[in-house]
Amino acid sequence: MTGHTTDEAADTGAATGTDAGTGRDAIVRAARRAFALRPYAEVTLRGIAADAGVSASLIVKYFGSKEQLFNTVADFEPAADELLAAPLGTLGRHLVLTVVRSRREQRGDPLLRVVFSLGNSDERSLLRDRFREQVTSRLATLLTGPEPVLRAELIAGQLLGLGATLSLHPSGAGAHATPEHLADLYAPALQRLVTG
């Protein structure tokens, strides 16, 4: 990977539910990096293929076109399904455990790639729009009590902060703590936002 640390590469990828042995996961991770860091028009299938260590024809085989690959990259629905798969009473802890385990087991943060799209007005704004629609707004519809949209935005921000912190300190104390211990420390603040 050119110009990226191993942890940065992991952060811009996320669980895809695919067989890593096929090269499909490598393609998705490389595409997430490319589309998050460069304007859509500057991204080429050949460049993604080189970063992923596969041929451009394999990308076409799996995804058909650059547009279809971008749509795959911009989809947060699978991550949201996993993140929100818990009752409200335990959702804070579940959110933390899901983020930490995803990073460790699947070498990818389910949400952090949206951070790389901030401040851009080209097609990457679709990442922000999809994140808002598929993660934040969906979470807001589940919350009860006052100001569910504000609380959902703050929860999303806290999860992004957790991912960013673990990225900034890839060999720090957080890397050596169990997911359960991290949840013990981080989840109570999230749970307060969940319950309102």
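Buried means under 20% relative accessible area, exposed means over 50%, and partly exposed lies in between. The exercises below use this scale on a predicted model.

**Exercise 1. Classify Y62 and F63, then decide how their rings pair.**

Step 1. F63 has a relative accessibility of 6%. The cut-off for buried is under 20%. F63 is therefore buried.

Step 2. Y62 has a relative accessibility of 27%, so this residue counts as partly exposed.

Step 3. Now take the ring geometry. Ring centres must lie within 6.5 Å to pair, and planes over 60 degrees apart count as edge-to-face. The centres of Y62 and F63 are 6.3 Å apart, with the planes at 65°, so the pair is edge-to-face.

Step 4. Check the face of Y62 for a charge. K61 lies over that face, at 5.9 Å from the ring centre.

**Exercise 2. Find the aromatic partner of Y40 and describe the surroundings of the pair.**

Step 1. Count the aromatic pairs. The model has 3.

Step 2. One of them joins Y40 and F70. The distance is 5.4 Å centre to centre, the angle between the planes is 85°, and the pair is edge-to-face.

Step 3. Place both residues. Y40 lies in the loop between α2 (24-37) and α3 (45-52), while F70 belongs to helix α5 (residues 66-73). They are 30 residues apart, and the pair links distant parts of the chain.

Step 4. Check burial. Both Y40 and F70 are buried.

Step 5. Look for a charge over the ring of Y40. The charged end of K66 sits there, 4.2 Å from the ring centre.

**Exercise 3. Describe the fold of the chain, then name the residues that touch the most other members of its largest nonpolar core.**

Step 1. Count the elements. There are 11 helices and 0 strands.

Step 2. Turn to burial and contacts. Of the 196 residues, 43% are buried. Among contacts with a separation of 6 or more, 69% join residues 24 or more positions apart.

Step 3. Recall a general tendency. In soluble globular proteins, nonpolar side chains tend to be buried together.

Step 4. Go to the core. The largest nonpolar core has 54 residues, and I27, F35, I48, I59, L69 and I155 touch the most other members.

Step 5. Follow one of these residues. Beyond four places in sequence, I27 touches I48, A52, V54, L58, I59, Y62, F63 and L69.

Step 6. Compare with the record. UniProt, in an unreviewed entry, places a "DNA-binding region" at residues 44-63. That span is 80% helix and 0% strand, with its end C-alpha atoms 14 Å apart.

**Exercise 4. Trace helix α11 and find what its buried residues pack against.**

Step 1. Look at the axis. Helix α11 (residues 179-195) bends by about 45° at Y186. A proline, P188, follows within four residues.

Step 2. List the buried residues of α11. They are P179, L182, A183, A187, L190, Q191, L193 and V194.

Step 3. Find their partners. These buried residues pack against α7 (91-105), α9 (148-168) and α10 (173-176).

Step 4. View the packing from α7. V96 is in this helix. V96 has a relative accessible area of 0% and is buried. Outside its four-place neighbourhood, V96 contacts L162, L182, A183, Y186, A187 and L190.

Step 5. View the packing from α9. I155 is in this helix. At 0% relative accessibility, I155 counts as buried. Its contacts beyond four places in sequence are L95, L139, L143, L190, L193 and V194.

Step 6. Close the helix. G196 follows α11 and has a positive phi, near 75°.

**Exercise 5. Is E147 buried or exposed, and what sign does its phi have?**

Step 1. Locate the residue. E147 is in the loop between α8 (125-142) and α9.

Step 2. Apply the scale. E147 has 54% relative accessibility. The cut-off for exposed is over 50%. E147 is therefore exposed.

Step 3. Read the backbone. Phi of E147 is near 50°, a positive value in a residue other than glycine.

Step 4. Contrast D81, in helix α6 (residues 77-83). D81 has a relative accessible area of 39%, so this residue is partly exposed. The C-alpha atoms of D81 and Q134 are separated by 9.2 Å, and the two residues are 53 apart along the chain.

How values were computed
Residues are numbered from 1 along each chain as its sequence is written. This is a predicted model: local features need pLDDT of at least 70, side-chain atom pairs count only at pLDDT 80 or more; totals for chains, interfaces and linings use all residues. Side-chain values use heavy atoms; hydrogens and water are left out. Rings of Phe, Tyr and Trp (its six-membered ring) pair if their centres lie within 6.5 Å; planes under 30 degrees apart count as stacked, over 60 as edge-to-face and the rest as tilted. Helices (H or I, at least four residues) and strands (E, at least two) are DSSP runs, numbered from the N terminus. Buried means under 20% relative accessible area, exposed over 50%, partly exposed in between (1.4 Å probe, protein chains only). A charge sits over a ring if NZ of Lys or CZ of Arg is within 6 Å of the ring centre and within 35 degrees of the ring normal. A nonpolar core is a set of buried Ala, Val, Leu, Ile, Met, Phe, Trp, Tyr and Cys residues joined through side-chain atoms within 4.5 Å. Contact means heavy atoms within 4.5 Å. UniProt positions are given in the numbering used here, feature names are shortened, and annotations may be inferred rather than shown by experiment. The bend at a residue is the angle between axes fitted to the seven residues ending there and the seven starting there.
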